[in-house]
Amino acid sequence: MRKIIHVDMDAFYAQVEMRDNPEYRGKPIIIGSGNHRYGVVSTCSYEARAFGVRSAMPNIQAYKLCPQGIFVRQKMEKYARVSAQIFEIFHEVSDCVEGLSLDEAYIDVTENKLGYSSAIKVAHYLKQRILEVTNLTSSAGVSYNKLLAKIGSDFQKPNGLTVITPEQTEAFISNLSLKNFPGVGTKLYNKMEILGIFKPDDLLQLSSEECIKYFGKHGNDLYNYVRGIDHRQVIAESTRKSIGQETTLKKEIENIAECKNLLYKLVNSTISQIQNKKLYATTFTIKIKYADFTQYTRAKTVNPSHTSIDFTKHIDSLLLSFPHQNKHIRLVGVSFSGLCTQSDIKKSNIEQTTLF
Ligand code: TTP
Ligand code: MG
């Protein structure tokens with residue numbers, strides 16, 4: 001049986017702002033553009049949620065629901081830094097970490113670096129470390145698959161820890177709302193209501209064929225989820241094929257040499273993404289699309305423990321190997337592949353030394 005933890009920060013951006021600005025604590029704060037007349041709500045404090053304010057709602061609507069709300073401008077760089085701290089903590093327990101966004105991840109702790117056999121103990125460790133390092137609370141779900149771990153982390157927010165064992169699954173699921181299941185948004189939920197399916201027990205009555213007939217591509221998953229069955233693996237970031245960025249230019253660049261500064265910028269921000277995820281890359285690729293839509297890539301094997309400074313020379317030399325040096329360019333991109341974790345590197349070093 002696998003042991004999986006899903007961790008999700010509580011009211012993430014709002015909590016960071018309350019941590020850093022004591023005057024916001026206990027108040028309905030609404031994060032986004034910082035102005036109640038435009039933009040949408042990224043998130044809000046639990047105090048604002050009491051008024052019905054929610055993520056993705058236009059600020060104007062949030063203002064109507066909660067005129068005393070404090071509209072705070074979001075500071076993405078700060079949240080990305082906090083995110084890097086929490087992902088570092090996840091990697092203290094296991095390298096099988098699958099991030100879903102800045103503030104949440106699945107962590108497979110079946111085998112973990114702490115050597116704990118209890119996943120509940122690992123979850124306590126994670127929550128405690130996050131609090132110590134960032135001064136923020138998080139919620140965790142602990143179970144034997146992704147579905148239940150994720151539903152669990154949301155179950156007793158804020159600062160919750162919910163454990164669902166195989167014996168508890170049936171009763172636990174039976175008390176959920178169908179909206180708790182992944183993929184069940186308003187549209188699907190309404191469709192279920194029309195079919196007379198209001199709660200998980202109603203869904204349990206359908207055969208898998210009926211589920212597929214009524215719910216199409218979601219049908220088979222729903223049939224399994226309502227039984228607590230979920231075979232999805234936690235996919236460690238390092239097994240992702242590549243991480244990269246590309247930009248289609250508003251105005252064509254005249255020649256290869258003039259791409260350099262843009263490429264330096266793309267590389268810097270991609271490297272910080274990779275470093276935030278505690279990954280290392282072994283291959284670096286540049287892609288160029290010319291104005292006539294012909295496209296070329298050039299790649300180089302690199303030392304996994306690189307920094308962005310090393311890359312100016314890689315960029316300069318790779319650019320020289322592109323076939324047309326003086327042709328207009330409409331898109332440039334960079335990517336890093338051969339991603340691995342620190343422990344992968346250690347393992348391969350050990351393998352090499354033992355080989356010789
Ligand atoms: P969530 O984890 O969905 O929400 P949350 O952390 O604010 O609150 P909860 O306690 O319910 O987990 O999203 C994490 C962050 O992602 C959130 O703080 C802001 C951002 N976000 C958006 O910018 N837009 C959105 O529509 C959502 C849902 C989140
Ligand atoms: Mg969250």
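His6 is buried in this predicted model, because its relative accessible area is 1%, and the cut-off for calling a residue buried is under 20%. The residue has its place in strand β1, and its side chain is joined to that of Glu104 by a polar contact of 2.8 Å.

Strand β1 also leads to the ligand. Together with the helices α1 (12–20) and α2 (46–49), β1 (4–9) belongs to the elements that each supply at least two residues of the shell around ligand 1. There are 14 residues around ligand 1, and those that come nearest are Ala11, Phe12, Thr43, Tyr46 and Arg49. In terms of residue class, the shell around ligand 1 divides into 6 nonpolar, 3 polar and 5 charged residues.

Several polar atoms of the protein lie at short range from oxygen atoms of the ligand, and they can be taken one by one. In the side chain of Thr43, an N or O atom is 2.5 Å from an oxygen atom of ligand 1, while at Ala11 it is a polar backbone atom that has an oxygen atom of ligand 1 at a distance of 2.8 Å. The side chain of Asp103 likewise has an N or O atom that is 3.0 Å from an oxygen atom of ligand 1. Taken alone, ligand 1 exposes 560 Å², and of that area the protein buries 69%.

As for the site as a whole, the space that ligand 1 takes up is the largest pocket.

Technical notes. Residues numbered from 1 in each chain as written. Chains lettered and ligands numbered in written order. Predicted model: local features only at pLDDT ≥ 70, side-chain atom pairs only at ≥ 80, totals over all residues. Heavy atoms only, no water. Near = heavy atom within 4 Å. Polar contact = N/O pair within 3.5 Å; in protein donor to acceptor, adjacent residues only side chain to side chain. Areas by Shrake-Rupley, 256 points an atom, 1.4 Å probe, with all protein chains shown as cover. 1 Å grid on protein atoms, 1.4 Å probe; cavity = no way out; pocket = protein on both sides within 12 Å on 5 of 7 lines; lining within 4 Å. Sits in = over half its atoms within 2 Å of the grid points. Helix = DSSP H or I, 4+ residues; strand = E, 2+ residues; numbered from the N terminus. Nonpolar A, V, L, I, M, F, W, Y, C, P; charged D, E, K, R; others polar. Buried < 20%, exposed > 50% of the residue type's maximum accessible area, 1.4 Å probe, protein only.
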